[in-house]
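The following exercises are to be worked with the sequence and the coordinates at hand. Each task is followed by a solution in steps.

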Amino acid sequence: MQENHDIRQDMRATLDARRELGPEYETALVESFVERLDATIAARVRAEVHATGSSPYGPPPKKQRRSGDSSATIALGSLGIGIPLTGIAAGEAGVAGLLLAWGGIIAVNLAHALGNWRRRDYRDY
């Protein structure tokens with residue numbers, strides 16, 4: 001509350017000085033008041049940051065990793081789907097169906113691996 005009182009006093013003093021000095025000093029008076037106001041705001045921000053124990057200029061907090069490994073889930077899921085899909089594709093479409101089914105499974109696994117690789121690279125920065 002003391003800071004609010006000080007700002008109000010500064011504003012009153014600036015207005016009184018403007019009345020006494022005239023409009024030709026208005027720009028200088030306003031700039032002076034704004035500098036004091038900026039300093040007050042900066043002090044408040046520093047105090048708030050200090051009170052919370054974090055720094056706005058430090059590294060961002062690291063995200064928590066999920067407990068499950070999604071790579072293992074994708075790999076096991078691919079094998080689980082791949083076994084029956086192999087039988088269905090080979091039985092219905094022959095070698096072409098087999099290659100198409102496993103090509104799709106491989107594409108899903110590659111896309112997942114590339115996504116993990118990119119996320120890992122971005123986390124390093």
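**Exercise 1.** Which residues does T14 touch, not counting residues up to four places away in sequence? Determine also whether T14 is buried or exposed.

*Solution.* The model is a predicted one. Begin by placing the residue: T14 belongs to helix 1, which covers residues 2-21. Next, list its contacts beyond four places in sequence: these are L29, F33 and R36. Finally, consider the accessible area. The relative value for T14 is 9%, and the limit for a buried residue is under 20%; T14 is therefore buried.

**Exercise 2.** Describe the overall make-up of the protein chain and the extent of helix 2.

*Solution.* First, count the elements: the protein chain has three helices and zero strands, in the order α-α-α from the N terminus. Second, examine helix 2, residues 26-52. Its 27 residues reach 39 Å from the first C-alpha to the last, close to the 39 Å expected at 1.5 Å a residue. Third, look at what follows helix 2: G53 comes next, with a positive phi near 80°. Fourth, turn to burial over the chain: of its 125 residues, 11% are buried.

**Exercise 3.** How many salt bridges does the structure hold? Identify the partners and place them in the helices where possible.

*Solution.* The structure holds three salt bridges. Take each pair in turn.

- R36 and D10 meet through their side chains at 3.4 Å, N to O. Because R36 lies in helix 2 and D10 in helix 1, this pair ties together parts that are 26 residues apart in sequence. R36 is partly exposed at 32% relative accessibility, and D10 is partly exposed at 26%.
- R19 and D16 form a salt bridge at 2.7 Å, N to O. Both lie in helix 1, three residues apart, or about one turn of the helix. R19 is exposed at 61%, whereas D16 is partly exposed at 38%.
- R18 pairs with E26 in a salt bridge, their closest N and O atoms being 3.1 Å apart. R18 is partly exposed at 30%, and E26 is partly exposed at 35%.

**Exercise 4.** Is L99 buried or exposed? State also how far L99 lies from T86 in space.

*Solution.* Locate the residue first: L99 lies in helix 3, residues 70-123. Its relative accessible area is 59%, and exposed means over 50%; L99 is therefore exposed. For the distance, L99 and T86 are 13 residues apart in sequence, and their C-alpha atoms are 8.9 Å apart in space.

How values were computed: Residues are numbered from 1 along each chain as its sequence is written. This is a predicted model: local features need pLDDT of at least 70, side-chain atom pairs count only at pLDDT 80 or more; totals for chains, interfaces and linings use all residues. Side-chain values use heavy atoms; hydrogens and water are left out. Helices (H or I, at least four residues) and strands (E, at least two) are DSSP runs, numbered from the N terminus. Buried means under 20% relative accessible area, exposed over 50%, partly exposed in between (1.4 Å probe, protein chains only). Contact means heavy atoms within 4.5 Å. The expected span of a helix is 1.5 Å times one less than its number of residues. A salt bridge is a side-chain nitrogen of Lys or Arg within 4 Å of a carboxyl oxygen of Asp or Glu.
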